[in-house]
Amino acid sequence: MNTRLKSGISKFFNTALFCLLLLAGTDGDAFAVAPVAALNTPAPAFSAVTLDGKAIGSAQLAGKAYIVNFFASWCPPCRAEIPDMVALQNQYSRNGFTFIGIAVNETAPTIKSFITGNRISYPVVMSDDQLLGSFGRFVPDGQIKAIPTSFVVNASGRVTQVITGGKSKAEFEKIILAALKKPVKVK
């Protein structure tokens, strides 16, 4: 069997597995509201280099609200939510908010083309063991098993939600507005 065919079969089964896991977590509706973990724990320290060569990480994001979104170009729910994420990035970036895309089970050339084709305006990095481990500790069994999976970090640097499954623009906007709120200090 040639390498290209093996790669195609492997990608098909990986896609099928992720879709089955996603559907299992959303009762068959990719945009259903999955259980959300309310955490309020410090966000993990991480660093990465975007596909356009810029450093991104917890040090650069200090004091900003952000959503780390694990996704893949071949994932239907991921593809469905990306246009809304791009629109919200463009709307809220001036308020100190950003999405960070982490591409899972992908190649850099594929994701670069996907970024261009979808006009993604937020930083995108390739997944690695450090990123998967840093954010995986917030999910059951310590492993990100379904995509999209998003981690909401508020302006105080705390993970406030873990979301499995796609979100609509309206749902993401509510989450972003809550994450941007500065905590009230009690004296």
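This passage describes the fold, the aromatic contacts and one helix of a predicted protein model.

In the predicted model, the protein chain contains six helices and eight strands. Read from the N terminus, these elements follow the order α-β-β-β-α-β-α-β-α-β-α-β-β-α. The chain has 187 residues, and 42% of them are buried. Of the contacts between residues at least 6 apart in sequence, 72% join residues at least 24 apart. The accessible surface of the chain amounts to about 9,800 Å², and carbon and sulfur atoms account for 57% of that surface.

The strands β7 and β8 were examined as a pair. Strand β7 spans residues 149–153 and strand β8 spans residues 158–164; the two are antiparallel and are joined by five bridges. Within this pairing, Val152 is placed opposite Gln161 of β8. Together β7 and β8 make a hairpin, with four residues separating the two strands. The turn includes Gly157, for which phi is positive at about 80°.

Strand β7 also takes part in aromatic contacts. The structure contains 10 aromatic pairs. One of these is formed by Phe70 and Phe151, whose ring centres are 5.7 Å apart and whose planes meet at 75°, an edge-to-face arrangement. Phe70 belongs to strand β4 (residues 65–71) and Phe151 to strand β7, so this pair ties together parts of the chain that are 81 residues apart in sequence. Phe70 is buried, because its relative accessibility is 0%. Phe151 likewise has a relative accessible area of 0% and therefore counts as buried. A further pair joins Phe151 to Phe135; here the geometry is tilted, with 5.1 Å from centre to centre and 50° between the planes. This contact links distant parts of the chain, since Phe135 lies in helix α5 (residues 129–136) and Phe151 in strand β7, at a separation of 16 residues. Phe135 and Phe151 are both buried. Through ring pairs, Phe70, Phe135 and Phe151 are connected with Phe46, Tyr66 and Phe138 in a cluster.

Helix α4 covers residues 108–117, and its residues Ile111, Phe114 and Ile115 are buried. When the helix is viewed down its axis, the buried residues of α4 fall within an arc of 100°, so they line one face of the helix. Pro109, Thr116 and Gly117 are exposed on the other side of α4. The packing partners of the buried residues in α4 are β4, α3, β5 and β6 (124–126). Strand β4 thus appears in two settings: β4 packs against the buried residues of α4, and β4 carries Phe70 of the edge-to-face pair with Phe151. After α4 comes Arg119, which has a positive phi, near 50°.

The loop between α3 (76–92) and β5 (97–103) contains Ser93. With a relative accessibility of 37%, Ser93 is classed as partly exposed, because this value falls between the 20% limit for buried residues and the 50% limit for exposed residues. In sequence, Ser93 and Tyr122 are 29 residues apart, while their C-alpha atoms are 8.9 Å apart in space. The two elements that flank the loop of Ser93, α3 and β5, are among those against which the buried residues of α4 pack.

Technical notes: Residues are numbered from 1 along each chain as its sequence is written. This is a predicted model: local features need pLDDT of at least 70, side-chain atom pairs count only at pLDDT 80 or more; totals for chains, interfaces and linings use all residues. Side-chain values use heavy atoms; hydrogens and water are left out. Buried means under 20% relative accessible area, exposed over 50%, partly exposed in between (1.4 Å probe, protein chains only). Contact means heavy atoms within 4.5 Å. Accessible areas come from the Shrake-Rupley method with a 1.4 Å probe; for residues, only the protein chains shown count as cover. Two strands pair if DSSP finds at least two bridges between them. Rings of Phe, Tyr and Trp (its six-membered ring) pair if their centres lie within 6.5 Å; planes under 30 degrees apart count as stacked, over 60 as edge-to-face and the rest as tilted. The arc is that of the directions from the helix axis to the C-beta atoms.
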